[in-house]
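Me: Please take a close look at one part of this model, the sheet and the pocket beside its strands. I would like one connected account rather than a list.

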Amino acid sequence: MNVHALREQLERHQPVTVLDIRVAESRAEWAIPGSVWVDAYHAVKQGDYRTLAALDLPIGPPVVVVCEMGATSQLAATYLRSQGVAAESLDGGMRAWSLAWNLAELRLAGGVTVVQVRRTGKGCLSYVVADHGEALVIDPALGSDVYREIAAASGLKI
């Protein structure tokens, strides 16, 4: 599952369990809100699925397994599917989640538009403020190509 699909499911409060299998130190730094955690990373990497077998995961709603970069979570998801769990791996893991973003637009009096660019995983905010076909970026938290895409989609020049 890609980060955009997971973000949409979480925002819409659709039934999904996010299973974080990273080590405790990584989990302590940051996590996807509402995710379930089990320290299974090293065991899964070594082909030991006992920690996962002991979990009481829902049958039916999808389970999205998360690790740092997506490789170990693929192993875990494959195992869980073999046990009848509708499991998927988060493509790119928490690294990809840290780069996910979405937009919120606000139109102000006089034709000024403010587009809030929100990094889903990190909670960082930046803004594209537009007026009369021109825009400026405030506190960029993503690569310049993202802001160029946002501007181009609205016919704006930064």
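Reply:

**The open sheet and the largest pocket**

In this predicted model, four strands form an open sheet in the order β5-β6-β7-β8, and their pairing is antiparallel. The edges are β5, residues 101–107, and β8, residues 134–138, each of which pairs on one side only. From one strand to the next, the twist averages 20°.

At the β8 edge, the partner is β7, which covers residues 125–131; β7 and β8 pair in the antiparallel sense over 5 bridges. Within this pairing, Val-129 stands opposite Leu-136 of β8. Strand β8 also holds Glu-134. Glu-134 counts as exposed because its relative accessibility is 53%, and the cut-off for that class is over 50%. Glu-134 and Leu-52 are 82 residues apart along the chain, and their C-alpha atoms are separated by 52 Å.

The largest pocket can be described through the strands that line it. It holds about 180 Å³ of space. Strands β5, β6 (113–119) and β7 each supply at least two residues of its lining. The largest share comes from the edge strand β5, with 4 residues.

By residue, the lining includes Leu-103, Ala-104, Glu-105 and Arg-107, and these positions fall within the range 101–107 of β5. Thr-113 and Val-115 also line the pocket, and both numbers lie in the range 113–119 of β6. Val-128 and Ala-130 are lining residues too, with positions inside the range 125–131 of β7. Ile-150, Ser-154 and Leu-156 complete the lining. By class, the lining has 7 nonpolar, 2 polar and 2 charged residues. Glu-105 and Arg-107 are the charged members, while Thr-113 and Ser-154 are the polar ones.

Before β5 in the numbering comes helix α6, residues 93–99, where Ser-98 has its place. Ser-98 counts as buried because its relative accessibility is 12%, and that class requires a value under 20%. A polar atom of the Ser-98 side chain lies 2.6 Å from the backbone oxygen of Arg-95. Ser-98 in α6 is thus buried at 12%, whereas Glu-134 in β8 is exposed at 53%.

How values were computed:
Residues numbered from 1 in each chain as written. Predicted model: local features only at pLDDT ≥ 70, side-chain atom pairs only at ≥ 80, totals over all residues. Heavy atoms only, no water. Pairing = 2+ DSSP bridges. Axes fitted to C-alpha atoms, helices over the stretch in contact; angles between N-to-C directions. 1 Å grid on protein atoms, 1.4 Å probe; cavity = no way out; pocket = protein on both sides within 12 Å on 5 of 7 lines; lining within 4 Å. Points joined across faces, edges and corners; volume = space filled by probe spheres on them. Buried < 20%, exposed > 50% of the residue type's maximum accessible area, 1.4 Å probe, protein only. Polar contact = N/O pair within 3.5 Å; in protein donor to acceptor, adjacent residues only side chain to side chain.
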